[in-house]
Number of protein chains: 2
Amino acid sequence: MTPKDDETGEPAQPGRKRDPSRDASILEATLEVLAEVGAAGLTMDLVATRAGAGKATIYRRWTSKTQLVIDAVAHMKRNQVDLEHLPDTGTLRGDLLGLFKPQSIEEGERRLRIMTGLASLLSQEQALAEAANAAVVQPWAEAHLALMRRAVERGEISASADIGTLSLVIPSMAAYRTLVQRKPFDLPFLVSMVDGVIVPALRHPPSDGPRDSTAT
Amino acid sequence: MTPKDDETGEPAQPGRKRDPSRDASILEATLEVLAEVGAAGLTMDLVATRAGAGKATIYRRWTSKTQLVIDAVAHMKRNQVDLEHLPDTGTLRGDLLGLFKPQSIEEGERRLRIMTGLASLLSQEQALAEAANAAVVQPWAEAHLALMRRAVERGEISASADIGTLSLVIPSMAAYRTLVQRKPFDLPFLVSMVDGVIVPALRHPPSDGPRDSTAT
DNA sequence: AAGTTCCGATACTGCACAGTCTCGTTTTCA
DNA sequence: TGAAAACGAGACTGTGCAGTATCGGAACTT
């Protein structure tokens with residue numbers, strides 16, 4: 001349910017075509033404004049000005065401010081961690097730390113800043129909370145899960161480890177840290193999480209035998 | 001900086017005294033409204049009606065809606081986990097699970113619901129983010145830290161474990177889980193966190209020798 | 001060329017709500 | 001007992017903003 005759908009069955013009308021490039025401009029302007037002033041301070045005039053668009057153009061494509069914001073958040077899902085090109089250093093520790101690319105981190109912090117701005121609407125819009133989680137934390141957790149699965153396959157860690165739960169730990173804590181605590185997601189934090197929590201927990205799984213995770 | 005201070009030097013004026021019990025009624029009404037409709041939907045009329053108070057009474061005590069909300073959040077700090085009466089089952093696992101009291105959990109979820117409602121203002125008001133963290137997650141993390149320290153003292157876990165970081169894991173993840181993911185903080189989740197993450201990590205500390213946590 | 005739909009820009013409308021003011025009543029001190 | 005201040009209730013005001021309507025101009029179809 002991205003932008004407002006144009007009429008589906010078209011009997012070939014005359015008139016100017018809708019410029020598809022405006023969609024992206026508007027969505028990106030929305031994210032910028034969101035990151036700068038938060039959802040509470042976001043106004044349609046601000047978005048329109050930032051996008052160099054008229055308000056009518058926005059309302060021709062989206063039915064409401066809420067819908068626009070939801071779509072903008074969903075739009076973030078692109079440029080995400082590439083699950084096809086994960087780091088491969090030979091150890092899980094190296095792989096996890098290898099996800100910390102300055103560029104990737106900068107983008108990640110931007111996402112979290114946007115989520116901070118969003119938070120107002122989270123409480124009212126279930127769809128928005130889902131979109132935010134799917135765009136920011138979910139992909140990151142999937143990357144961690146993939147790295148952990150590989151570590152299990154090569155025998156580095158036990159198959160009985162609760163990697164379903166463990167893969168959520170760092171992304172969730174990073175989100176909370178940025179969202180509420182306002183502390184940077186930096187390398188020292190990542191290292192203390194990897195070395196103090198994840199790697200120790202994986203090296204010493206709870207008990208042998210299959211485990212089910214209820215945290216997924 | 002709780003309610004608006006009355007005049008300090010008083011030459012013994014006539015007139016009715018300000019009723020101190022109204023402060024608490026108004027703060028609690030604010031928290032109720034916050035939990036129900038979120039900060040975006042919170043209006044002063046709603047708070048006044050819920051508190052059975054006139055708006056003038058509120059504005060006689062607080063300068064603005066923002067100040068009222070900040071004070072209401074700080075007000076939550078009371079009735080917190082009692083650090084003097086922590087569970088003592090003999091094992092860290094038992095102690096951590098012992099914090100899960102239906103009543104305490106109900107209250108904890110209420111706090112998180114309030115924080116969800118708050119989130120809108122988090123991005124704009126640094127003071128509010130700090131108050132929310134101090135009222136909801138901080139006390140919980142302190143309880144965990146105390147339990148972990150005790151486990152170290154009785155030799156159950158190694159002194160080299162990064163308990164500063166580990167004590168933040170469950171409170172932060174619970175907050176994120178409730179705030180964004182909208183999943184209940186229930187016993188299965190707690191068990192998977194304790195058995196899948198915390199206890200394994202503590203039983204197998206990263207390395208021997210002192211560690212410093214950068215996550216505090 | 002004519003007609004239609006797009007565009008950015010901007011004026012306009014309607015509403016929701018923060019904050020103030022008023023009123024009739026109650027409490028306290030002199 | 002009377003002036004002063006606080007109380008609940010609610011009327012009132014001003015503003016900010018979502019959403020709409022209108023403009024002149026540009027692009028596309030026939």
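How do the residues of the surface near DNA strand D divide into nonpolar, polar and charged? They divide into 8 nonpolar, 8 polar and 11 charged; Ala, Val, Leu, Ile, Met, Phe, Trp, Tyr, Cys and Pro count as nonpolar, Asp, Glu, Lys and Arg as charged, and the others, Gly among them, as polar.

This is a predicted model, in which local features need pLDDT of at least 70 and side-chain atom pairs count only at pLDDT 80 or more, while totals for chains, interfaces and linings use all residues. Residues are numbered from 1 along each chain as its sequence is written, chains are lettered from A and ligands numbered from 1 in the order in which they are written, and side-chain values use heavy atoms, with hydrogens and water left out.

**DNA strand D**

A residue is near a strand if one of its heavy atoms lies within 4 Å of it. DNA strand D is surrounded by 27 residues, and the closest are Lys55(A), Tyr59(A), Thr57(B), Arg60(B) and Arg61(B). Sugar or phosphate supplies 70% of the atoms of DNA strand D within 4 Å of the protein, and bases supply the rest.

The table lists polar contacts (pairs of N or O atoms within 3.5 Å; within protein, one must be able to donate a hydrogen and the other to accept it, and residues adjacent in sequence count only if both atoms are side-chain atoms).

| Protein atom | Partner | Distance |
|---|---|---|
| Lys17(A), polar side-chain atom | phosphate oxygen, DNA strand D | 3.3 Å |
| Met44(A), backbone N or O atom | phosphate oxygen, DNA strand D | 3.0 Å |
| Asp19(B), polar backbone atom | phosphate oxygen, DNA strand D | 3.3 Å |
| Arg60(A), polar side-chain atom | phosphate oxygen, DNA strand C | 2.3 Å |
| Tyr59(B), polar side-chain atom | phosphate oxygen, DNA strand C | 2.9 Å |
| Lys65(B), polar side-chain atom | phosphate oxygen, DNA strand C | 3.0 Å |

**DNA strand C**

The elements that give two or more residues to the surface near DNA strand C are α3 (55-61) of chain A and α3 (55-61) of chain B. Helices (H or I, at least four residues) and strands (E, at least two) are DSSP runs, numbered from the N terminus. With 4 residues, α3(A) provides the largest share of this surface.

Around DNA strand C there are 28 residues, of which Thr57(A), Arg60(A), Arg61(A), Lys17(B) and Lys55(B) come nearest. Of the atoms of DNA strand C that come within 4 Å of the protein, 72% belong to sugar and phosphate. The residues near DNA strand C comprise 9 nonpolar, 8 polar and 11 charged.

**Helix α7 of chain A**

Helix α7 of chain A, residues 126-153, bends by about 40 degrees at Ala134(A); the bend is the angle between axes fitted to the seven residues ending there and the seven starting there. Gly155(A), which follows α7(A), has a positive phi, near 85 degrees.
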